[in-house]
Amino acid sequence: MPDRHAFDAKGTLRFDRVEILRHGAPLIALDEKVEPGGVLTVMGPSGSGKSTLLNYAAGFLGSDFTARGSVHIGETEITRLPAYERHVGLLFQDPLLFPHLSVAGNLLFALPSWLKGLMHRRERVEKALEEVGMSGFGPRDPATLSGGQKARVALMRVLLAEPRALLLDEPFSKLDRDLRSQIRELVFAKAKARGLPVLLVTHDHADAEAAGGMVVEVRQAE
Ligand SMILES: Nc1ncnc2c1ncn2[C@@H]1O[C@H](COP(=O)(O)OP(=O)(O)OP(=O)(O)O)[C@@H](O)[C@H]1O
């Protein structure tokens with residue numbers, strides 16, 4: 001049996017005295033936690049290191065940076081694990097759907113490898129589309145979708161991979177106002193229903209308010 005999960009329990013996402021340095025100079029620091037189903041919002045000026053912080057948690061820190069401190073989900077220190085075993089779901093400004101795959105292909109790609117049987121996999125995908133009001137969209141080319149539809153597919157692609165936490169890097173910023181509030185309600189509701197802790201990076205106070213949790217303001221590094 002392949003490793004079904006590197007770790008199973010849902011848990012608190014915890015940044016334990018994390019400090020990130022760029023070329024040896026302090027960039028950003030975070031010492032906070034977010035409970036399952038909760039949202040922690042990180043706000044701050046452009047260039048203050050918010051995306052870098054998410055990259056550290058996800059395992060993609062660039063070579064210009066070094067980090068101290070650790071990131072945990074429940075009892076597991078994920079910063080000790082390779083990126084592919086961290087089970088964090090990432091959403092960015094752009095939905096980043098694979099252009100050469102259909103909507104269903106994008107979603108099938110995300111399913112964990114232990115989930116066997118093509119029929120079973122297809123059913124999961126169809127259910128995911130149904131969950132976001134997109135039944136029957138499986139064969140569509142992602143290029144033919146509206147911005148809101150792309151955002152919904154990107155969300156379900158992340159959730160189908162069964163993450164233990166969500167890291168959101170300005171995922172609503174390219175959507176116009178009405179759509180923005182719809183999509184963010186959807187993202188927060190799905191995360192809450194699954195008991196996932198969420199770290200949200202945003203410039204928008206309305207996003208922070210809608211998230212409802214604690215807000216941390218980071219400053220521009222000197
Ligand atoms: N891959 C990289 N290699 C080197 N420097 C980088 C890299 N990515 C970002 N930087 C630099 O690191 C600093 C922090 O960037 P980061 O993208 O984390 O900031 P941010 O707070 O997310 O900004 P924004 O709000 O504009 O998205 C910036 O000075 C940026 O130019």
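Q: Which helix gives the largest share of the shell around the ligand?
A: In this predicted model, the ligand is surrounded by residues including Gly47, Ser48, Gly49, Lys50, Ser51 and Thr52. One helix supplies 3 residues of the shell, its largest share. That helix spans residues 50-58. It is H1.

Q: How many nonpolar, polar and charged residues does the shell around the ligand have?
A: Among the residues around the ligand are Arg22, Gly44, Ser46, Gly62 and Asp64. Gly counts as polar here. By class, the shell has no nonpolar, 8 polar and 3 charged residues.

Q: Which residues in H1 are buried?
A: A residue is buried if 20 or more other C-beta atoms lie within 10 Å of its own. In H1, the buried residues are Lys50, Leu53, Leu54, Asn55, Tyr56 and Ala57.

Q: Which residue follows H1, and what is its phi?
A: H1 covers residues 50-58. The residue that follows has a positive phi. It is Gly59, with phi near 95°.

Q: Are H4 and H5 roughly parallel or roughly antiparallel to each other?
A: The axes of H4 (residues 147-160) and H5 (residues 177-193) come within 11 Å. They cross at roughly 15°. Angles under 35 degrees count as roughly parallel. H4 and H5 are therefore roughly parallel.

Q: Is the crossing of H4 and H5 left-handed or right-handed, and how do the residues of the contact divide?
A: The crossing is right-handed. H4 contributes Gly147, Gly148, Ala151, Leu155 and Leu159 to the contact. H5 contributes Leu179, Gln182, Ile183, Leu186, Val187 and Lys190. By class, the contact residues divide into 7 nonpolar, 3 polar and 1 charged.

Definitions and conventions. Residues are numbered from 1 along each chain as its sequence is written. This is a predicted model: local features need pLDDT of at least 70, side-chain atom pairs count only at pLDDT 80 or more; totals for chains, interfaces and linings use all residues. Axes are lines fitted to C-alpha atoms, for helices over the stretch in contact, and angles run from 0 to 180 degrees between N-to-C directions. Helices (H or I, at least four residues) and strands (E, at least two) are DSSP runs, numbered from the N terminus. Angles under 35 degrees count as roughly parallel, over 145 as roughly antiparallel, 65 to 115 as roughly perpendicular and the rest as oblique. A crossing is left-handed if the near helix is turned anticlockwise from the far one by less than a right angle, and right-handed if clockwise. Two residues are in contact if their C-beta atoms, placed from the backbone, lie within 7 Å. A residue is near a molecule or strand if its C-beta atom, placed from the backbone, lies within 6 Å of it. A residue is buried if 20 or more other C-beta atoms lie within 10 Å of its own, exposed if 12 or fewer, and partly exposed in between; C-beta atoms are placed from the backbone.
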